[in-house]
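Trainee: Before we begin, I should like to ask how certain structural terms are justified. Please set each term against its criterion.

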Amino acid sequence: MVKIATCGLDFPTAPNLKKALGEAIDAGYSFVTIPLAHPRYKRIITLEDHLGKVDFQALAFTRSDLLLSCQDWNNMVIGKTSEWLDLDSTDDKVRSRSEEILNQEIMYATHLGLPAALIRLYGPDQTNLARFVCGKVSQENIGYQTDLWFVVPMVSPKVQADYYRSDLDDIKGEEIDTWHWWNNLRLTSASDRKIGLCLELSADLPSQEILNRWLGEPIKNLMISTSLFLTNRKGFPVLSQPHQAFLKKCALQKIQLLLTGTNRHTSYKHYLQYLEHVYEVAVSSDHVSSYSKGFEDHLQIPLQPLMDNLESNTYEVFEKDPVKYTEYRHAIYQALLDRVPDEEADTNVQVVMVVGAGRGPLVNAALSAASSAKRKIKCYAVEKNPNAVVTLYSLKADEWGDKVDVVACDMRLWNAPEKCDILVSELLGSFGDNELSPECLDGAQVFLKDDGISIPCEYTSHLCPLQSHKLYNEAKYTSQENRAYYARFEMPYVVHQLNAFKIAPIQPLFTFIHPNKDKVKDNRRYKKLTFEIEQDSVLHGFSGYFDTVLYKDIKLSIVPKTYSTGMFSWFPIYFPIQNPVTLKKGDKLEVNFWRLINKKIVWYEWSVSKPVIVPIHNSNGRSHNIGLF
């Protein structure tokens, strides 16, 4: 049985490492955390005395690597660096010695092949530590480098201690808000992907907004102390409802858990069983997870179905959507009832044109809608992809017969034999217009009757500022061979966003209406949006969504507040920025967005004008554009 929750067990000391690891495994835990060196061994780094002799005892500052196999070191152990180190001490000797010892411990962790080493943060002013870390993670020539995860309490110890509460006004905001401890180090060390966060869950949880901001950070481990657990009627450990709610959100991001503290119940096994139960409940209640598995926070280049022919596998994935085609069928059904009164049901034949028919799901939706409405239709299936046309002709031969005429042609170039009553399409992308639905439907509407209906009839893109260390680094390390470095930050990416925080509420951006009644059709757009920043954060880019009106009150949406539950055809879109921007509570974030067109391509440009100026991204479509042909 595959474990839903990966959980480790912390050992403050481990005199017998094999025994400790064995006990953890027997209780069901996947790994252990142990000190890299004995907590009381404040070793001396200078090994030679005044006679030039080496003190070999000083070299053996920790246990031998022969205690475990390399496989066990690589997969089942995370090292903890000495917590008494202070790389930002005002005392030169303490600072220098701390650097040398931390270097020694990280070198040994790398030698063992440990997946990560934990370093505890004690405040927001850790500039020298950040410099040290930056030097370590940037050493690409050494081949392998252990990841560095920083232990940060969710709530400052000064806030939690009662005797400090009366003096909180005298403490700096960054000392109270522990997110700044992490953020200052993250930004100073260039937001490298080899640094991560080990978040220590607090007894008193902060506000929901602060919790959501933490979920936009690269949490590698959520540390849960046994002291946080309550005891239920049967004597087993459980967490409070607020802690459970946060844990369930962590489950969707597959965040590892780390149990710390002494055993306060019958067995450590019972803590693990409870945590696995909470994770299982969260995952099983997420209806989209089964379809999005493997795509979490994975950047994908948006499809360009107008320029490229989609593959069979792509069609198959979208055709499995349980919501989209049901709503399309409902929209066509309602449109037929509105256009054909009951007394004309046997004589009035409505012409329905499905443009961009793909492998025929919308054609089936139209035929099904007509059958349910007891109305007669004549259907055209228009498709430019020659491979999909093969399927359409097969369906016509085997199922549709004379009910459907298949047309192998670009909808913009087709000379239709008659005009239609209902024009149906599914040309929408994650940002609404990014698969060139406006251009396609403007070309196709010439064969729509003056009183005809377009399904969809309207769609709007939406935008919000985003904080996501994870997505930023995914873009940063995207392979762009033979292209400028900035190109990876000037491309939109389709991504199922989990490890992300929406800095401010989503706002509408561009709207397109069909049929387009404008005499001169111009699908260029520009808009400036202003977002009120409600808490300190870091801007890593923008998240894009869309909603659409199919017909009257029948809608589809991937905007979180109006999301069409169960629909998975579209993930949000991510527009990165090259350099993260620090935002403060009370700032006004001014974002500029353009949709631009020439004779061959369509592209987006974006920038920030407040509180700082960020250069235009993707000027003239230099890094990414959408082909019209």
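Trainee: How many residues in the lining of the second largest pocket are nonpolar, polar and charged?

Mentor: The model is a predicted one. In it, the lining of that pocket comprises 24 nonpolar, 11 polar and 10 charged residues. The pocket itself holds about 980 Å³ of space. It is lined by 45 residues, and those closest to its centre are Leu 303, Leu 310, Thr 314, Phe 318 and Glu 435.

Trainee: Which element supplies the largest share of that lining?

Mentor: Helix α13 does, with 6 residues. Elements that each give at least two residues to it are α13 (312-319), α14 (324-339) and β12 (376-383).

Trainee: What makes a space a cavity rather than a pocket?

Mentor: A cavity is a set of points where a 1.4 Å probe fits but cannot get out, whereas a pocket is an open set. The search of the whole structure finds 2 cavities of 30 Å³ or more. The largest cavity has a volume of about 50 Å³, and the second largest about 40 Å³.

Trainee: Which residues line the largest cavity?

Mentor: Among them are Ile 34, Pro 35, Leu 36, Trp 73, Val 77, Tyr 108 and Leu 112. Strands β2 and β3 (77-80) and helix α4 each give two or more residues to this lining. By class, it has 8 nonpolar, 2 polar and 1 charged residues.

Trainee: And which residues line the second largest cavity?

Mentor: Its lining is made of Pro 302, Leu 303, Gln 304, Asn 434, Pro 492, Tyr 604, His 624 and Ile 626. By class, 5 of these are nonpolar, 3 are polar and none is charged.

Trainee: Why are β1 and β2 called paired strands?

Mentor: Two strands pair if at least two bridges are found between them. Strand β1 (residues 7-10) and strand β2 (residues 31-35) run parallel and are joined by 3 bridges, so the criterion is met. One of the partnerships is that of Gly 8 with Phe 31 in β2.

Trainee: Which strands form the closed barrel?

Mentor: The barrel has 8 strands in the order β1-β2-β3-β4-β5-β6-β7-β10, with parallel pairing. From one strand to the next, the twist averages 30°. Helix α11 (residues 268-284) lies across β1, β7 (219-225) and β10 (256-260), and runs at about 150° to β10.

Trainee: Why do β13 and β15 count as edge strands in the open sheet?

Mentor: The open sheet has 5 strands in the order β13-β12-β11-β14-β15, with parallel pairing. β13 (404-408) and β15 each have a single partner strand, so one side of each lacks a neighbour in the sheet. Neighbouring strands here are turned by 25° against each other on average, direction ignored.

Trainee: How do you know that β14 is the partner of β15?

Mentor: At least two bridges are required. Strand β14 (residues 420-425) and β15 pair in the parallel sense over 4 bridges, and therefore satisfy the criterion. Within this pairing, Val 424 stands opposite Ile 455 in β15. As for the helix at this sheet, α15 (residues 361-373) lies across β11 (349-355), β12, β13 and β14, running at about 175° to β12.

Trainee: How do helices α4 and α5 cross?

Mentor: The axes of α4 (residues 92-112) and α5 (residues 127-137) come within 12 Å and cross at roughly 30°. The crossing is right-handed. Residues making the contact include Arg 95, Glu 99, Leu 102 and Ile 106 of α4, and Leu 129, Arg 131 and Phe 132 of α5. By class, the contact has 5 nonpolar, 2 polar and 4 charged residues.

Trainee: Which peptide bonds are cis, and what is the value of omega in each?

Mentor: One cis peptide bond joins Ile 455 and Pro 456, with omega about 5°. Pro 456 lies in the loop between β15 (448-455) and β16 (458-467). Another runs from His 514 to Pro 515, with omega near 0°. Pro 515 is placed in the loop between β19 (507-513) and β20 (525-532).

Trainee: What is notable about the phi of Ala 190?

Mentor: Phi of Ala 190 is near 65°, a positive value in a residue other than glycine. Ala 190 sits in the loop between α8 (179-188) and β6 (195-200).

Technical notes
Residues are numbered from 1 along each chain as its sequence is written. This is a predicted model: local features need pLDDT of at least 70, side-chain atom pairs count only at pLDDT 80 or more; totals for chains, interfaces and linings use all residues. Side-chain values use heavy atoms; hydrogens and water are left out. On a 1 Å grid over the protein atoms alone, a cavity is a set of points where a 1.4 Å probe fits but cannot get out, and a pocket is an open set with protein on both sides within 12 Å along at least five of seven lines; lining residues have an atom within 4 Å of a point. Grid points are joined across faces, edges and corners, and a volume is the space filled by probe spheres set on the points. Ala, Val, Leu, Ile, Met, Phe, Trp, Tyr, Cys and Pro count as nonpolar, Asp, Glu, Lys and Arg as charged, and the others, Gly among them, as polar. Axes are lines fitted to C-alpha atoms, for helices over the stretch in contact, and angles run from 0 to 180 degrees between N-to-C directions. Contact means heavy atoms within 4.5 Å. A crossing is left-handed if the near helix is turned anticlockwise from the far one by less than a right angle, and right-handed if clockwise.
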